[in-house]
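Please look through the sequence and the coordinates before reading on. The paragraphs that follow lead from one residue to its surroundings, and from there to the charged pairs and the cysteines.

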Amino acid sequence: LYSVKSALKQLRFDGHHAEFVAEMKAPLEELHKEVVDLLKRCAGFCKDGAISADEKEQIQQSVKTIASKQMALSEKFQGVAQKSKNYICDDIAPDSYFVFAVSNWAVELQEWAEDLAVFENKWRR
């Protein structure tokens with residue numbers, strides 16, 4: 001979190017940032033929504049102390065949906081970065097780091113949800 005905070009402090013709210021945000025907003029919001037929905041769904045599934053077959057299927061479907069949203073985010077990011085003619089530059093570095101952090105958060109939750117879906121099978125061994 002400290003590195004995200006540092007990156008955000010370096011943001012310059014100029015034309016490059018406005019262009020970047022305008023193009024990245026929709027895929028970031030879509031990924032965020034799916035990840036938060038999965039987190040809430042998994043928390044609800046844990047209330048009774050067991051994950052049913054139907055709940056496992058819902059988790060697996062959500063993980064696939066998140067992977068799809070991440071791919072869309074990556075493709076959009078690649079396009080935006082190409083427009084800047086430089087993948088690593090001061091103009092988009094803090095924004096790029098933020099996108100990476102959100103994407104990494106999504107991966108961590110996907111892995112946690114997948115582990116949750118098979119936890120009972122692993123635990124019983």
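**From one leucine to the core**

Leaving aside its neighbours within four places in sequence, Leu31 is in contact with Ile66, Lys69, Gln70, Leu73, Val102, Ser103 and Ala106. These contacts belong to a predicted model, and every value below is computed from it. Leu31 is also one of the residues that touch the most other members of the largest nonpolar core, a set of 24 residues in which Phe20, Met24, Leu38, Ile59 and Val99 are likewise named for this. The elements that give two or more residues to this core are α2, α3 and α4, the last of which covers residues 93-124. Among the elements, α2 gives the most, with 8 residues. In soluble globular proteins, nonpolar side chains tend to be buried together.

Helix α3 runs over residues 53-83, and its 31 residues reach 45 Å from the first C-alpha to the last, which is close to the 45 Å expected at 1.5 Å a residue. The buried residues of this helix include several of the partners of Leu31, for Ile66, Gln70 and Leu73 are on the list, and they are in contact with Leu31. The buried residues of α3 also include Ile59, Val63, Phe77 and Val80, together with the polar or charged Glu55 and Ser62.

**Charges on and between helices**

Side chains of opposite charge can pair when their charged atoms come close, and a search of the whole structure finds 2 salt bridges. In one of them, Lys69 pairs with Glu30, the closest N and O atoms being 3.4 Å apart. This pair links distant parts of the chain, with Lys69 in helix α3 and Glu30 in helix α2 (residues 15-45), 39 residues apart. Both partners are partly exposed, Lys69 with a relative accessible area of 22% and Glu30 with one of 38%.

The other salt bridge joins Asp37 to Lys33, where the closest N and O atoms are 2.8 Å apart. Asp37 and Lys33 are 4 residues apart in helix α2, so they are separated by about one helical turn. An α-helix has 3.6 residues a turn, so residues three or four places apart point the same way. Asp37, at 25% relative accessibility, counts as partly exposed, as does Lys33 at 47%.

Why does Glu34 have no salt bridge, although it is buried? Glu34 is found in helix α2, and the nearest side chain of opposite charge, that of Lys33, is 4.4 Å away, whereas a salt bridge requires the atoms to be within 4 Å, so this pair does not qualify. Leaving aside neighbours within four places in sequence, Glu34 is in contact with Thr65, Ile66 and Lys69. Lys69 and Ile66 are thus shared with Leu31, which is in contact with both.

**Cysteines and a proline**

The structure holds 0 disulfides. The sulfur of Cys42 is 6.6 Å from the closest cysteine sulfur, in Cys46, and this is too far for a bond, because a disulfide needs the two sulfur atoms to be within 2.5 Å. Cys42 is buried, with a relative accessible area of 0%, whereas Cys46 is partly exposed, at 34%.

Lastly, Pro94 has its place in helix α4 and is buried, with a relative accessible area of 6%. Pro94 and His17 are 77 residues apart in sequence, yet their C-alpha atoms are 9.3 Å apart in space.

Key. Residues are numbered from 1 along each chain as its sequence is written. This is a predicted model: local features need pLDDT of at least 70, side-chain atom pairs count only at pLDDT 80 or more; totals for chains, interfaces and linings use all residues. Side-chain values use heavy atoms; hydrogens and water are left out. The expected span of a helix is 1.5 Å times one less than its number of residues. Buried means under 20% relative accessible area, exposed over 50%, partly exposed in between (1.4 Å probe, protein chains only). A nonpolar core is a set of buried Ala, Val, Leu, Ile, Met, Phe, Trp, Tyr and Cys residues joined through side-chain atoms within 4.5 Å. Contact means heavy atoms within 4.5 Å. Lys and Arg count as positive and Asp and Glu as negative; His and the chain ends are not counted.
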